[in-house]
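Hi,

Here is the structure I promised to pass on. My notes on one part of it follow below.

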Amino acid sequence: MRLSQMLFVTLRDDPADAEIPSHKLLVRAGYIRRIGSGIYAYLPLMWRVLQKISQIVREEMNATGAMECLLPQLQPAELWKESGRWDTYTKAEGIMFSLVDRREQNLALGPTHEEVITTIARDTIRSYRQLPVHLYQIQTKFRDEIRPRFGLMRSREFIMKDGYSFHTDEESLKKTYQDMYSAYSNMLRRCALQFRAVEADSGAIGGAGSTEFMVLAEAGEDQVLYTDDGNYAANVEKAVSLPDDAETSNFITYEKRETPNTETIEKLCKILDCSPTQVVKNVLYQAVYDNGANVLILVSIRGDQDVNEVKLYNELTKLASTYKANTIIALEVPSPEAQEKWTAKALPLGYIAPDIGDDYIKPSKQIHPKFLRLVDKTAVDLKNFVTGANESGYHVLGANWGEHFKLPEIVVDIRTARIGDRACHNPEQTLKSARGIEVGHIFQLGSKYSQAMGATYTTEQGKDKPLEMGCYGVGVSRIAQAAVEQSYDKDGIIWPVAIAPYHAIVTIPNIKDAQQVEVAEKLYTELNQAGIETVLDDRSERAGAKFKDADLIGIPYRIVTGRAIAEGKVEVVERKSSESYEIAIDEVVSILKQKIKDQLSVLME
Ligand code: ATP
Ligand code: MG
């Protein structure tokens, strides 16, 4: 490819909407163009990168025996109604783009394909003899993200590899899950990314487990907690740890005490001269279920701990049937305005006790008349604790469950694990924290979709059973940008050879110099013939501008047909190390071939 013929435009300034380095660089270097909010065009250089990543993904998937296919992006609403996800996806979460066709039929643009693939499985899988089977595709997905940002990291149209496997039983599912774990690790290693596989939240679906693959980078939206021994890593949404031991309380007699201006635990502990581990704090939440039911929740948790809202959300989802609902559509700490809608009288905020009366809730059809009271494990064993007195400006001291307060029936584990906590697998290890970009997620789904949609098979004994299912996603376009986030410098992108759009760029410093042009043309042809993907910078720009652009777009090897050609040599500059050296023109092909081979083989090990 000749740069003179490519629509190749680099920008000197960072785009105004770009916050992180990889986004700035990809726009400035002419890889992507923003078309609308969360909508990007992949220009020729980007498309080559995406093709390379797709090919690596494809090779690793095929090696496991999975088969590539292509499913429709337009999906009929009926399928989503069968699985029970239409309303949540179009209304509650609103993540799915939907439309009405000329026949007044509802359709959606696929954000994911469980419904489509389960329909196919239902219609085509009859017998255990056909199992296991695993289909995948590499395709554009559509999601109406609340906050599209960071370029390709969180866009509304993006490329994903998604795969779905079907099994007779959990054991077979687990085997494929393990195969995917290895395949994903191989993919990311081959893309030269530094990553970590972490335990992930499986959400309301439950299932036997899920793993996220995180590319480690400061710009990551996720927090990973891990231990140095390599035996534990989890998304903070899911992470567990051992809380510090509680200090013994000195408040041995039960009393109500005036504690003015102590809405926060910190102020309270200062006035009482006690540890937050001796306090039971009572946190208010409001959940809205999919049937419109509003439920007020009171979580009692130890004063030094924080509620993990993802864990809370999962617990509340498990309780959905209590409120004749299926899922939650909103969960939040109610704002003063939200409180006004349901409170019968002013709440003693900051001084709430675990037994705050249900009469604070105004009778209303939409609002459940009783608080849902949950207690976190950290608060269960506390003795002689401090907690609110249900009266502004007062707390009670020396309180005990069973004596002064009824212990809530529902005991949950919903505390947030934190950096510095002792690890569960080995208390001598403490949790460390890192930022990560989630590039892949593998998931044991079980029979959620097959049951909802009636996808069954006949066992060897002739019985009908729902299919066991797994799903596996990897963000192809997100990987491309994550790679840049992990590898750049002040001059631009530094692509790893494996996914660089080109391996080499031949730069002609002065295109008016016939000899320079001749040598460059020859090398350009020979390198490409030898399988070294090479681009020729034959534009009539100043040499300095060309070098700058070559650095910005991040091609691993730059070959300059400058002064040295008089001695039968060219200058080679390595983008990553900035190292430069001269080599004989007729050795360029063999030397570069070897270097590229070496770099790729390291990644294959
Ligand atoms: P996130 O928590 O980042 O929104 P997700 O859990 O919704 O991700 P999955 O549904 O598991 O993601 O999709 C599989 C993969 O697709 C993700 O691991 C990620 O790499 C990619 N992906 C998801 N949403 C986006 C997006 N809006 N833009 C780009 N890539 C995405
Ligand atoms: Mg998402």
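First a term: two strands pair if DSSP finds at least two bridges between them. Strands (E, at least two residues) and helices (H or I, at least four) are DSSP runs, numbered from the N terminus. This is a predicted model, where local features need pLDDT of at least 70, side-chain atom pairs count only at pLDDT 80 or more, and totals for chains, interfaces and linings use all residues. Residues are numbered from 1 along each chain as its sequence is written, and side-chain values use heavy atoms, with hydrogens and water left out.

Now the sheet. Five strands make an open sheet in the order 28-27-29-30-31, with mixed pairing. Strand 28 and strand 31 (580-584) sit at the edges, each pairing on one side only. Inside the sheet, strand 27 and strand 29 run parallel and share four bridges; Ala 504 stands opposite Tyr 557 in strand 29. Helix 13 (residues 514-529) packs on the sheet and touches strands 27, 28, 29 and 30 (contact: heavy atoms within 4.5 Å).

Then there's helix 14 (residues 543-553). Its buried residues (under 20% relative accessible area, 1.4 Å probe, protein chains only) are Ala 545, Lys 546, Asp 549, Ala 550, Leu 552 and Ile 553. They all lie on the same side of helix 14, because they cover an arc of only 160° around the axis (taken from the directions from the axis to the C-beta atoms). Among the elements covering them are helix 1 (21-28), helix 2 (44-63) and strand 29 (557-560). Right after helix 14 comes Gly 554, with a positive phi near 75°.

Cheers

Notes: Chains are lettered from A and ligands numbered from 1 in the order in which they are written. Buried means under 20% relative accessible area, exposed over 50%, partly exposed in between (1.4 Å probe, protein chains only). Axes are lines fitted to C-alpha atoms, for helices over the stretch in contact, and angles run from 0 to 180 degrees between N-to-C directions.
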